[in-house]
Amino acid sequence: TSPCVVLLPEGADYRIVEVNEAYLEALNMTREELIQRPLSDVFSPTQQRGWNDYKNLVKSLDAVMNNGEPHHMGIQTYSIPSPGGEAPVAKKWNPRNLPVRNEDGEVALILHMVTDVTSQVRQEEFKASEKRAKKALKESNEQLARILESITVGFVSVSPSWEITYWNKEAETLLDKKHEEVFGKNLWEIYPPNLVPKVYESLQKVMKDSSPQTMHHYFLPHKAWYKLTAYHTEEGLSILFEDITDQKKTEKAKESALRNLRERVKEQTCLYKITNLKEQELSVEGLLAQAVNLIPDGFHQPELTTAEIILGDKYFYSNNVPAASVNQTPTIIAEEQTDLASLKLNIYFHGEVTPLKLGLLDEEVQLLKSITHNLAMKVNQIVSKQELETNREELQRIMDQSMDVICTIDKKGRF
């Protein structure tokens, strides 16, 4: 049975003459607070349980009285007290007002019915947010591809089995090989280890140890010096290189550009992994426990970076640094409110860490804000799903126990 109250027109106001248990439970109120009281004494904005948009209800009721037709008010927001006495909980409602006519066909009473649609509204909001996030991620990936094609350094990526998976335009120019010639082929078939022994040794080490390597190499066939930077990813290796034969004096500036590009790739990878966590299959604790271990990889020195997530009184730390060693003020804090509690993301650096000397980049700050927002939405989705399941079970229980009720009303509006 839907939550409802029966209203009797009384001058410019309406008197509450009956209310069902579903309405009392939904709004956390008692019969004594409602029965035989004018509607304005209960819900006008100046009352304890007042509603700021009370005028919308009055307008709808007046429309029913004037037109004699049902009226749907559309989605409304009304807060109810929380069971524990904390701050009121904002809920979304779908109210509708139905006329009840007497024997003369006149509107004698109005049946005001409400449906709690909070979970459905939040789910729709989450889907819209998720769609925007996927669009943003796609645009980011496309932007990254454009950057890789426009930068003045070569970029090559290889799989764990050394198959070439990316070869940008600058790589074509520097190494005099087209993308079509090398894509899908084994790197060491194109450049045998005996031709580039130091490069072979360095890249093998990166693949094995997952530690970034930077080196200068003189490539005799081209009579040119190349600077190579390689770092490990889940997809294999990413290698950045450039011709520094005539640019030795600008090495420091070039290193800065390469480092910046590398960090942006890592940040996008970090955000991508967190975005793709399957919150439908996780609890809130499981989601945050997985997410906190993905965050350090988005920073310049992940082995010296600790992430901390706080949700209410629960703390989650990344596994790379023991929680007991977190003894300094966090470098940055990002925070968002969830349906459960405030969600905070703290980042700690340990030892002689470069980011502490240079300061965090704007992109790194934005990364933390994006991660916090993404996790807050996922937490709300899990909570909404749990609430929806609880409501579904309660609705099924009510439906299983419900019985049809028939009533009659006299000219004075009495049952």
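Contact here means heavy atoms within 4.5 Å. This is a predicted model, so local features need pLDDT of at least 70 and side-chain atom pairs count only at pLDDT 80 or more, while totals for chains, interfaces and linings use all residues. Residues are numbered from 1 along each chain as its sequence is written, and side-chain values use heavy atoms, with hydrogens and water left out.

With that contact rule in hand, His-112 is a good place to begin. Leaving aside residues up to four places away in sequence, His-112 touches Pro-3, Cys-4, Val-5, Leu-7, Tyr-23, Leu-57, Met-73, Pro-95, Arg-96 and Asn-97. The residue sits in strand β7, which covers residues 107-113; helices (H or I, at least four residues) and strands (E, at least two) are DSSP runs, numbered from the N terminus. His-112 has a relative accessibility of 6% and so counts as buried. The cut-offs are under 20% relative accessible area for buried, over 50% for exposed and partly exposed in between, with a 1.4 Å probe and protein chains only. One of its neighbours, Asn-97, also offers a polar partner: the two side chains make a polar contact at 2.5 Å. Such a contact is a pair of N or O atoms within 3.5 Å; within protein, one must be able to donate a hydrogen and the other to accept it, and residues adjacent in sequence count only if both atoms are side-chain atoms.

Zooming out to the whole chain, there are 12 helices and 16 strands. Of its 415 residues, 42% count as buried. Among contacts between residues at least 6 apart in sequence, 50% join residues at least 24 apart. The chain exposes about 23,100 Å², and carbon and sulfur atoms supply 52% of that; accessible areas come from the Shrake-Rupley method with a 1.4 Å probe, and for residues only the protein chains shown count as cover.

Next come the aromatic rings. Rings of Phe, Tyr and Trp (its six-membered ring) pair if their centres lie within 6.5 Å, with planes under 30 degrees apart counted as stacked, over 60 as edge-to-face and the rest as tilted. By this rule the count comes to eight aromatic pairs. Take Trp-51 and Tyr-78: their ring centres are 6.3 Å apart and their planes stand at 75 degrees, so the pair is edge-to-face. This pair links distant parts of the chain, 27 residues apart, with Trp-51 in the loop between α2 (39-43) and α3 (54-67) and Tyr-78 in strand β4 (residues 76-80). Trp-51 is buried at 11% relative accessibility, and Tyr-78 is buried too, at 8% relative accessible area. Another edge-to-face pair is formed by Trp-188 and Tyr-200, at 4.8 Å centre to centre and 70 degrees between the planes. Because Trp-188 lies in helix α7 (residues 187-190) and Tyr-200 in helix α8 (residues 197-209), the pair ties together parts that are 12 residues apart in sequence. Trp-188 is buried at 11% relative accessibility, whereas Tyr-200 is partly exposed at 30% relative accessible area. Back at Trp-51 and Tyr-78, these two form one aromatic cluster with Phe-43.

On the surface, Tyr-218, Leu-220 and Trp-225 make a nonpolar patch of about 300 Å². Patches are made of residues with over 30% relative accessible area and no salt bridge, with like charges joined within 9 Å and nonpolar side chains (Val, Leu, Ile, Met, Phe, Trp, Tyr) within 5 Å. Trp-225 belongs to strand β11 (residues 224-233) and is partly exposed, with a relative accessible area of 33%.

That leaves the charged side chains. A salt bridge is a side-chain nitrogen of Lys or Arg within 4 Å of a carboxyl oxygen of Asp or Glu, and a search of the whole structure finds 10 of them. Arg-15 bridges to Glu-10, with the closest N and O atoms 2.9 Å apart; Glu-10 is partly exposed at 33% relative accessibility. In helix α8, Asp-209 and Lys-205 lie four residues apart, about one turn of the helix, and form a salt bridge whose closest N and O atoms are 3.0 Å apart. Asp-209 is partly exposed at 38% relative accessibility, and Lys-205 is partly exposed at 40%. Helix α12 (residues 362-401) holds Arg-392 and Glu-389, three residues apart, about one turn of the helix, and their side chains meet in a salt bridge of 2.6 Å, N to O. Finally, Arg-122, Asp-339 and Glu-387 are linked in a network of salt bridges.
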